[in-house]
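Here's a quick tour of the model, going from single residues to the whole chain and back again. Keep the structure open beside the text as you read.

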Amino acid sequence: MTIETILGAIVIGAVIGALGRLVLPGRQPIGWILTIVVGIVAALIGTAIAQAMGVATTDGIDWIELVMQVVLAVIGVGAVAALRGRTRV
């Protein structure tokens with residue numbers, strides 16, 4: 001793993017996490033660092049699912065993979081927001 005790979009994962013995770021928060025209606029009580037972490041996890045899992053389903057990797061934007069990643073980010077942000085909201089007193 002190179003520094004470029006790590007920085008790329010952080011940037012893509014931030015974008016995927018932000019898209020997930022934008023798609024999810026309402027206010028989420030989570031910070032931007034947690035949003036990036038959820039986005040990174042969603043991007044990794046979405047990529048793994050797309051590869052397992054046989055979605056072809058192209059030179060351009062892989063739209064099917066991107067949609068999977070954003071959907072997973074929406075689910076992840078919603079789950080984390082629900083857990084964080086429940087633990088607050």
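## A walk through the helices

Let's start with Gly8, which sits in helix α1. This is a predicted model, by the way. Gly8 counts as partly exposed because its relative accessible area is 26%, which falls between the 20% limit for buried and the 50% limit for exposed. Follow the chain on to Ile40 and you've gone 32 residues in sequence from Gly8, yet the two C-alpha atoms are 9.9 Å apart in space.

Now zoom out. The chain's secondary structure is made up of 3 helices and 0 strands, so reading from the N terminus the order of elements is simply α-α-α. The C-alpha trace covers about 45 × 30 × 20 Å along its principal axes. There are 89 residues in the chain, and 28% of them count as buried. As for how the chain packs against itself, take the contacts with a separation of 6 or more: 65% of those are between residues 24 or more positions apart.

How far does the predictor trust all this? Mean pLDDT for the chain is 85, with 94% of residues at 70 or more. Among the helices, α1 has the lowest confidence, at a mean of 85, while α2 has the highest, at 89.

Next, the inside. Which residues make up the largest nonpolar core? There are 11 of them: Ile16, Leu24, Ile30, Val38, Ala42, Ala43, Val70, Ala73, Val74, Val77 and Ala81. Helices α2 and α3 each put in at least two residues of this core, and α3 gives the largest share, with 5 residues. That fits a general habit: in soluble globular proteins, nonpolar side chains tend to be buried together.

Ile30 is a good core residue to click on. Setting aside residues up to four places away in sequence, Ile30 touches Arg21, Thr35, Val77, Val80, Ala81 and Arg84. Two of those partners, Val77 and Ala81, belong to the same core as Ile30.

Arg84, another of Ile30's partners, lies in helix α3. Is Arg84 buried, partly exposed or exposed? Its relative accessibility is 33%, and since partly exposed runs between 20% and 50%, that's the class Arg84 falls into. With residues up to four places away in sequence left out, Arg84 touches Pro29, Ile30 and Leu34. Thr57 is another story: Arg84 and Thr57 are 27 residues apart in sequence, and their C-alpha atoms are 36 Å apart.

Leu22, up in helix α1, is a nonpolar residue that stays out of the interior. Its relative accessible area is 70%, so it counts as exposed, the cut-off being over 50%. From Leu22 to Val70 is 48 residues in sequence but 10.0 Å from C-alpha to C-alpha.

Here are the residue pairs side by side, with C-alpha distances.

| Pair | Apart in sequence | Apart in space |
|---|---|---|
| Gly8 and Ile40 | 32 residues | 9.9 Å |
| Leu22 and Val70 | 48 residues | 10.0 Å |
| Thr47 and Ala73 | 26 residues | 12 Å |
| Arg84 and Thr57 | 27 residues | 36 Å |

Finally, the largest pocket. It holds about 230 Å³ of space. Of its 13 lining residues, Ile12, Ala43, Thr47, Glu65 and Gln69 are the closest to the centre. Which helices supply at least two residues each of the lining? α1 (3-23), α2 (32-53) and α3 (63-87) each do. By type, the lining comes to 8 nonpolar, 3 polar and 2 charged residues. Ala43 turns up twice in this tour, as a member of the largest nonpolar core and among the residues closest to the pocket centre.

Thr47 rounds things off. This residue has its place in helix α2 and is partly exposed, because a relative accessible area of 22% lies above the 20% limit for buried. Leaving out neighbours within four places in sequence, Thr47 is in contact with Glu65 and Gln69. Those two contacts are also among the residues closest to the centre of the pocket, along with Thr47 itself.

Terms used:
Residues numbered from 1 in each chain as written. Predicted model: local features only at pLDDT ≥ 70, side-chain atom pairs only at ≥ 80, totals over all residues. Heavy atoms only, no water. 1 Å grid on protein atoms, 1.4 Å probe; cavity = no way out; pocket = protein on both sides within 12 Å on 5 of 7 lines; lining within 4 Å. Points joined across faces, edges and corners; volume = space filled by probe spheres on them. Helix = DSSP H or I, 4+ residues; strand = E, 2+ residues; numbered from the N terminus. Nonpolar A, V, L, I, M, F, W, Y, C, P; charged D, E, K, R; others polar. Buried < 20%, exposed > 50% of the residue type's maximum accessible area, 1.4 Å probe, protein only. Core = buried A, V, L, I, M, F, W, Y, C linked by side-chain atoms within 4.5 Å. Contact = heavy atoms within 4.5 Å. pLDDT = per-residue confidence, 0-100.
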